[in-house]
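Hi there,

Here is the structure I promised to pass along. Have a look at it first, and my notes follow just below.

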Amino acid sequence: MEPPPPLPLGVSLVLLCSAGLTRSLTITSADQSIFEKAQGEKVTLPCTFELSEEDKGPLDIEWVLIPADNQKGEQIIIMYTVDRTYDHYYADMTGRMQFTSLDPKSGDGSLDILNLKAADTGTYQCKVKKAPGVQSKKIQLTVLVKPARTKCSIQGSQEIGKDVTLKCVSQEGSPLLSYDWRRVSGTQNLPATSVLNKNTGELLLKNASREYSGTYNCVASNRVGTDECSVELNVTPPVNTAGIITGAIIGTLLGLFVLSSVIFCFCKKHREKKYEKEVHHDIREDVPPPKSRSSTARSYIGSNRSSLGSMSPSNMEGYTKTPYSQVPSEDFERAPAQNPAFAPSKVAAPNLSRMGAVPVMIPAQSKDGSIV
């Protein structure tokens with residue numbers, strides 16, 4: 001029996017290498033290495049693996065964050081070793097990250113990050129070690145912010161024949177933002193003269209007409225979400241500027257007139273109150289009123305009556321020397337005037353009666369002193 005023909009040299013080398021090939025730890029995750037997620041969402045960074053029989057050492061699974069600046073070192077995020085999980089290395093993610101599997105040693109070292117933030121953007125690396133096997137995989141995560149707080153506005157005069165610009169701006173949102181306008185009333189088509197800039201969100205309406213009036217809607221979008229706003233456009237005929245100016249002038253004059261009237265009334269009232277206050281202070285309540293002439297005359301006459309009741313021939317001599325025809329008055333009690341040339345006026349009998357004086361009969365006296 002003839003021996004089999006010899007194999008080609010290339011086939012012999014392949015068989016020899018296969019015979020000496022040993023199976024080692026491998027990472028079996030999909031080849032996807034770029035993830036884009038919206039802020040607030042959840043992401044799962046995959047890291048599944050298979051162990052070989054030759055991997056005898058302890059199993060270590062480690063996730064690190066590789067900074068964009070090469071001058072900085074790697075930041076450990078979470079680690080699984082000796083059947084325990086350690087997740088206190090990175091304070092910015094504390095409470096927001098965990099292994100997807102409750103038992104990572106079963107072959108699933110994937111990482112869940114909850115409530116994503118824009119600051120979570122970066123390059124993440126999964127390292128699996130079981131001596132002598134060591135494998136790693138890098139994943140790029142980008143956290144984008146959805147458009148939010150989008151506002152619409154109108155710039156320019158909304159008059160027939162004028163150019164009007166509709167503006168749309170999102171206060172929040174990761175680039176690149178794109179804006180799109182559409183009409184939601186009437187024909188729902190943008191006017192033929194409109195010019196749209198999707199990067200700035202401006203919609204220019206040239207030579208506006210009444211048909212341009214209606215509701216317009218703007219949609220802002222990026223790779224992770226959308227937001228929108230609306231604005232109402234009302235194109236009207238030109239305004240009568242002269243009439244508006246005339247009305248404004250008349251209104252201003254009327255306002256000044258009313259204001260002047262109020263100020264005048266206020267000042268007048270203030271002066272009246274001030275005058276009343278001054279007059280009130282001039283009256284002194286603690287000074288008694290002056291005695292009247294009538295009261296003085298009554299007092300004097302009363303005293304004379306009491307004296308007459310006790311007359312006797314022995315005391316009549318004193319009365320003969322008193323001028324009974326004169327009745328004292330308030331004028332006599334006062335000090336003489338500074339002007340000696342001025343003589344006080346006499347009070348007539350009718351006036352004394354009006355003042356309350358009572359006539360008194362005075363007995364006549366003869367020359368020898370006897371009473372008649």
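A residue counts as buried when its relative accessible area is under 20%, and as exposed when that area is over 50%. Please keep in mind that this is a predicted model.

With that cut-off, phenylalanine 99 is buried, because its relative accessibility is 8%. Tyrosine 80, at 5% relative accessibility, counts as buried too.

These two residues also belong together in another way. I searched the whole structure for aromatic pairs, and the search gives 1. Its partners are tyrosine 80 and phenylalanine 99, with ring centres 6.4 Å apart. Their planes meet at 80°, and edge-to-face means an angle over 60 degrees, so this pair is edge-to-face. Tyrosine 80 sits in strand E6 (residues 75-81) and phenylalanine 99 in strand E8; with these positions 19 residues apart, the pair links distant parts of the chain.

Strand E8 leads on to the sheet. Three strands make up an open sheet, ordered E3-E9-E8, with antiparallel pairing. At the edges are strand E3 (43-45) and strand E8 (97-99), each of which pairs on one side only. From one strand to the next, the twist averages 25°.

If you want a spot to zoom in on, try the contact between E3 and strand E9 (residues 111-113): the two run antiparallel and are joined by 3 bridges. Threonine 44 is found there opposite aspartate 112 in E9.

Happy to talk it through whenever suits you.

Best wishes

Note on methods
Residues numbered from 1 in each chain as written. Predicted model: local features only at pLDDT ≥ 70, side-chain atom pairs only at ≥ 80, totals over all residues. Heavy atoms only, no water. Pairing = 2+ DSSP bridges. Helix = DSSP H or I, 4+ residues; strand = E, 2+ residues; numbered from the N terminus. Axes fitted to C-alpha atoms, helices over the stretch in contact; angles between N-to-C directions. Phe/Tyr/Trp six-rings, centres within 6.5 Å; stacked < 30°, edge-to-face > 60°. Buried < 20%, exposed > 50% of the residue type's maximum accessible area, 1.4 Å probe, protein only.
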